[in-house]
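Biologist: I am new to this protein. Could you show it to me, and then take some questions?

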Amino acid sequence: MSMRVDGLPSQYNGYKVNVDRVKQEIEKQKNSSISLCDQAEISAEGKKALESRMSALAGERYMEDIRHLSSVSSYGYINDFEKALSDLGKGNVSGEYLTGAYEEDIEQIASKFEEEDGEKTDSFDRHINKAVTAYNMIRERIEAKYADSQRETEYYVADHGEMEELTKEKELEMLDKAYVNHSTFLATSTEIWADLQDFTPTVVYHKGSQQSDEEASVSESRKEEVTGHSEKGQIKDMVSKAFMSAISDENRRILSQHEGSLNHFKLNLGISASERDRLNGIWDFYANKR
């Protein structure tokens, strides 16, 4: 590379810079700043072998996780909970989700909900007691599982599809979700049942103005009664509040310690006596029509 600088003596005109030599000097300066330590060069074959070994180790860790992959899932807990309630009601749910001493536990719980002759009462309270008892049974299994100091770490496939470590907190969260799922369904169902219970089709025969007026008066009275009972969302809110209150630590403790029948046992449901009577009335109505 040639460069010319005006104003310099003539002997410096046409001075040429040796670019290669400058690069070499720069490299020397860079090398001189490197700290003194052991260095090693890895050949292409060595690098390939190292990459293969790292992949193998990663695969071994993945296979170790797979060996401890649990079948636990949110959907499975919903099935567990519904199966327990169905078995308490002598129903039948396909599949075997709960293992171990499940049948023995269910038989012991079911003995507290014996069938009664005659008119059925407190049907809503009875179902609430069943739900909390089933919840207690499954929760105790979770607590016992994680109390075992020899328990191996497990993994599960989360709802978003990733594999994560299974913990007691996550299993309890799944159980709570199953309980809420059940209570939400029954809250909606009970409100529908209330509307159907209040609906009474009538046939009006027009035999005279006086009779028509009386029928109109009865119809209007009935309409006001139905509207008061079936105000949108009122029944649903009552049921939801009752279910959420029923699962309190105090209620679960009292229920687990109670000896004898649970058919008419009253938990603190956080609703008024009249609201409780209303819900029991709806459930009793259909229980006695079977």
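Biologist: How many aromatic pairs does the structure hold?

Modeller: Keep in mind that this is a predicted model. A pair of aromatic rings is described by the distance of the centres and the angle of the planes. The number of aromatic pairs in the structure is 8.

Biologist: Take Tyr135 and Tyr179. Is their pair stacked or edge-to-face?

Modeller: The ring centres of Tyr135 and Tyr179 are 5.5 Å apart. The angle between the planes is 70°, and planes over 60 degrees apart count as edge-to-face. The pair of Tyr135 and Tyr179 is edge-to-face.

Biologist: How many residues apart in sequence are the parts that this pair ties together?

Modeller: Tyr135 belongs to helix 5, residues 123–147. Tyr179 belongs to helix 6, residues 168–198. Both Tyr135 and Tyr179 are buried. Because the two rings sit in these two helices, the pair links parts whose separation in sequence is 44 residues.

Biologist: What kind of pair do Trp193 and Trp283 form?

Modeller: The centres of the Trp193 and Trp283 rings lie 5.3 Å apart. Their planes stand at 75°, so the pair is edge-to-face.

Biologist: Which helices hold Trp193 and Trp283?

Modeller: The pair ties together parts that are 90 residues apart in sequence. Trp193 is in helix 6, and Trp283 is in helix 10, residues 273–287.

Biologist: Is Trp283 buried or exposed?

Modeller: Its partner Trp193 has 27% relative accessibility and counts as partly exposed. Buried means under 20%. Trp283 has 13% relative accessibility, so Trp283 counts as buried.

Biologist: Which residues form the aromatic cluster?

Modeller: Tyr135 and Tyr179 are members, and so are Trp193 and Trp283. The other names are Phe81, Phe124, Phe243, Phe285 and Tyr286.

Biologist: Where do the buried residues of helix 8 lie, seen down its axis?

Modeller: Helix 8 covers residues 234–246 and reaches 18 Å from its first C-alpha to its last. Its buried residues are Ile235, Met238, Val239, Ala242, Phe243 and Ala246. Seen down the axis, they fall within an arc of 125°, so they line one face of the helix.

Biologist: How many of the 25 residues of helix 5 are buried?

Modeller: The end C-alpha atoms of helix 5 are 36 Å apart, in agreement with the 36 Å its 25 residues should span. One residue in helix 5 is Met137, which counts as buried at 6% relative accessibility. Helix 5 is largely enclosed by the rest of the structure, because its count of buried residues is 19.

Biologist: Which element gives the largest share of the lining of the largest pocket?

Modeller: That pocket has a volume of about 720 Å³. It is lined by 25 residues, and Arg126, His127, Lys130, Trp283 and Arg290 lie nearest its centre. Helix 3, helix 5, helix 6 and helix 10 each give two or more residues to the lining. The largest share is 5 residues, and it comes from helix 6.

Biologist: Over the ring of which residue does the charged end of Lys130 sit?

Modeller: Lys130 is one of the residues nearest the centre of the largest pocket. Its charged end is 5.8 Å from a ring centre. That ring belongs to Phe113.

Biologist: What is the phi of Asp122?

Modeller: Asp122 is in the loop between helix 4 and helix 5. Asp122 is buried, with a relative accessible area of 17%. Asp122 is not a glycine, although its phi is positive, at about 55°.

Biologist: How far apart in space are Glu82 and His182, C-alpha to C-alpha?

Modeller: Glu82 sits in helix 3. Glu82 is partly exposed, with a relative accessible area of 28%. Glu82 and His182 are 100 residues apart in sequence, but their C-alpha distance is 7.8 Å.

Biologist: And Val72 and Tyr156: how far apart are they in space?

Modeller: Val72 is in the loop between helix 2 and helix 3. Val72 counts as buried, at 17% relative accessibility. In sequence, Val72 and Tyr156 are 84 residues apart; in space, C-alpha to C-alpha, they are 6.3 Å apart.

Biologist: Last one. What pattern does the protein follow along its sequence?

Modeller: The secondary structure comes to 10 helices and 2 strands. Read along the sequence, the pattern is α-α-α-α-α-β-β-α-α-α-α-α.

Conventions
Residues are numbered from 1 along each chain as its sequence is written. This is a predicted model: local features need pLDDT of at least 70, side-chain atom pairs count only at pLDDT 80 or more; totals for chains, interfaces and linings use all residues. Side-chain values use heavy atoms; hydrogens and water are left out. Helices (H or I, at least four residues) and strands (E, at least two) are DSSP runs, numbered from the N terminus. The expected span of a helix is 1.5 Å times one less than its number of residues. Buried means under 20% relative accessible area, exposed over 50%, partly exposed in between (1.4 Å probe, protein chains only). The arc is that of the directions from the helix axis to the C-beta atoms. Rings of Phe, Tyr and Trp (its six-membered ring) pair if their centres lie within 6.5 Å; planes under 30 degrees apart count as stacked, over 60 as edge-to-face and the rest as tilted. A charge sits over a ring if NZ of Lys or CZ of Arg is within 6 Å of the ring centre and within 35 degrees of the ring normal. On a 1 Å grid over the protein atoms alone, a cavity is a set of points where a 1.4 Å probe fits but cannot get out, and a pocket is an open set with protein on both sides within 12 Å along at least five of seven lines; lining residues have an atom within 4 Å of a point. Grid points are joined across faces, edges and corners, and a volume is the space filled by probe spheres set on the points.
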